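Work through the exercises below with the sequence and the 3D structure at hand. Each task is followed by a solution in steps.

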Amino acid sequence: MIAKYREWNKRGVRFQFAPRLKRLKYEVHVRAANSADSSAPSAEHAPIWGGVFTRFKDLDGNSFSLVSFDEVTHAVEEQRRAFAQKQESERRAIQELEIAKQVQAGLFPQTLPPLKSLEYAGICIQALKVGGDYYDFLNLGKERLGFVIGDISGKGIAAALLMANLQANLRSQCAIALDQPQRLLCSVNQLFCDNTPDGAFATLFFAVYDDAASRLRYANCGHLPALLLHSDDTVERLEATATVLGIFKDWDCEIGECQLRLGDTLALYTDGITESYNSAEEQFGEQRLIEALQRHREASSQAALASIVDEVQRFNPHEQHDDITLIIAKHRGN
């Protein structure tokens, strides 16, 4: 603009005054994002541009302005807008993640169906706001209770959505678990294959406890072995009876069975327990878990649960990288 002023000045154009700086404010009304009224303006501030200008008249006395806007000011304003949009996007993402956390918390068991011979408890502490670990207690009727613990591949929102899908499939069909647990799990596997992307899978331990007979029938679908600590200090490992869910449509499983007696403790867990690392890169491991369960043999399931989770967290002084999920059930006699 200054160059143009000098050029025209040399050609005889008579300017009324030398170029001077002026701030120009433009009114911009943007409808609020959550407002139904299209006429309602938002709280967005009107931008202010810097500009240099002067005036001149032609031979007929018509007045004109020569104006140059400040490109630097324009660039700064664009950066301010981009930063404000980024902050708003991050705020919404945090808000949506918090809502997802509350929704997922509601998917975990809210009540514990009473049993005569067994007292039990479960917990899930997620590494992120939401995660892929899953546990459940299914009231199957006829003095039967379903114990479920699973671990979905991946982490975060994607794993949480798959976890909700698996839970919905199990709960909607659990009525057939009493007499046909294999049929239930085959159906769940088929639905999981149909409704999830390639490469997604879940490990699952599913068991039906008969309160009257103190008998546990179970299927371990690629999950870590459940631990059954007997009152004589022997340990029974409930190993895999099938492969993981969600990869093979042509899938089947076997059903295992074991007997619980007075003083026995059953523990179901995910790898957030056993694969927790300390500063020396040592894993917490299965043996430490067994020893912790033995130390808390006389405590209630809820008290033992809290103590063992606390021990795992103290063992790993670093940031938690995997979900910690644990179920403990203790046979207290009929």
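**Exercise 1. Count the aromatic ring pairs in this predicted model, then classify the pair of Tyr120 and Phe137.**

Step 1. Rings pair if their centres lie within 6.5 Å; by this rule the model has six aromatic pairs.

Step 2. A pair of aromatic rings is described by the distance of the centres and the angle of the planes. For Tyr120 and Phe137 the centres are 4.8 Å apart and the planes stand at 70 degrees.

Step 3. Planes over 60 degrees apart count as edge-to-face. At 70 degrees, the pair of Tyr120 and Phe137 is therefore edge-to-face.

**Exercise 2. Work out which parts of the chain the pair of Tyr120 and Phe137 ties together, and decide whether each residue is buried or exposed.**

Step 1. Tyr120 belongs to strand E4 (residues 118-125), and Phe137 to strand E5 (residues 133-141). The pair therefore ties together parts that are 17 residues apart in sequence.

Step 2. Buried means under 20% relative accessible area. Tyr120 has a relative accessible area of 7%, so Tyr120 is buried. Phe137 has a value of 7% and is buried.

**Exercise 3. Follow the ring contacts from Phe137 to Phe147 and name the cluster that the ring pairs form.**

Step 1. Phe137 and Phe147 form an edge-to-face pair, with 5.7 Å from centre to centre and 85 degrees between the planes.

Step 2. This pair joins strand E5, which holds Phe137, to strand E6 (residues 144-152), which holds Phe147; the two residues are ten residues apart.

Step 3. Phe147 has a relative accessible area of 1% and is therefore buried.

Step 4. Ring pairs link Tyr120, Tyr135, Phe137 and Phe147 into a cluster.

**Exercise 4. Compare the span of helix H4 with the expected span, and find where its buried residues lie around the axis.**

Step 1. Helix H4 covers residues 181-195, 15 residues in total. From its first C-alpha to its last it reaches 21 Å, close to the 21 Å expected at 1.5 Å a residue.

Step 2. The buried residues in H4 are Pro181, Leu184, Leu185, Val188, Asn189, Phe192 and Cys193.

Step 3. These residues cover an arc of only 165 degrees around the axis, so they lie on the same side of H4.

Step 4. An α-helix has 3.6 residues a turn, so residues three or four places apart point the same way.

**Exercise 5. Describe the chain as a whole by its elements, burial, contacts and exposed area.**

Step 1. The chain contains seven helices and 13 strands.

Step 2. Of its 334 residues, 43% count as buried.

Step 3. Among contacts between residues at least 6 apart in sequence, 67% join residues at least 24 apart.

Step 4. The chain exposes about 18200 Å², and carbon and sulfur atoms supply 51% of this area.

How values were computed
Residues are numbered from 1 along each chain as its sequence is written. This is a predicted model: local features need pLDDT of at least 70, side-chain atom pairs count only at pLDDT 80 or more; totals for chains, interfaces and linings use all residues. Side-chain values use heavy atoms; hydrogens and water are left out. Helices (H or I, at least four residues) and strands (E, at least two) are DSSP runs, numbered from the N terminus. Buried means under 20% relative accessible area, exposed over 50%, partly exposed in between (1.4 Å probe, protein chains only). Contact means heavy atoms within 4.5 Å. Accessible areas come from the Shrake-Rupley method with a 1.4 Å probe; for residues, only the protein chains shown count as cover. Rings of Phe, Tyr and Trp (its six-membered ring) pair if their centres lie within 6.5 Å; planes under 30 degrees apart count as stacked, over 60 as edge-to-face and the rest as tilted. The expected span of a helix is 1.5 Å times one less than its number of residues. The arc is that of the directions from the helix axis to the C-beta atoms.
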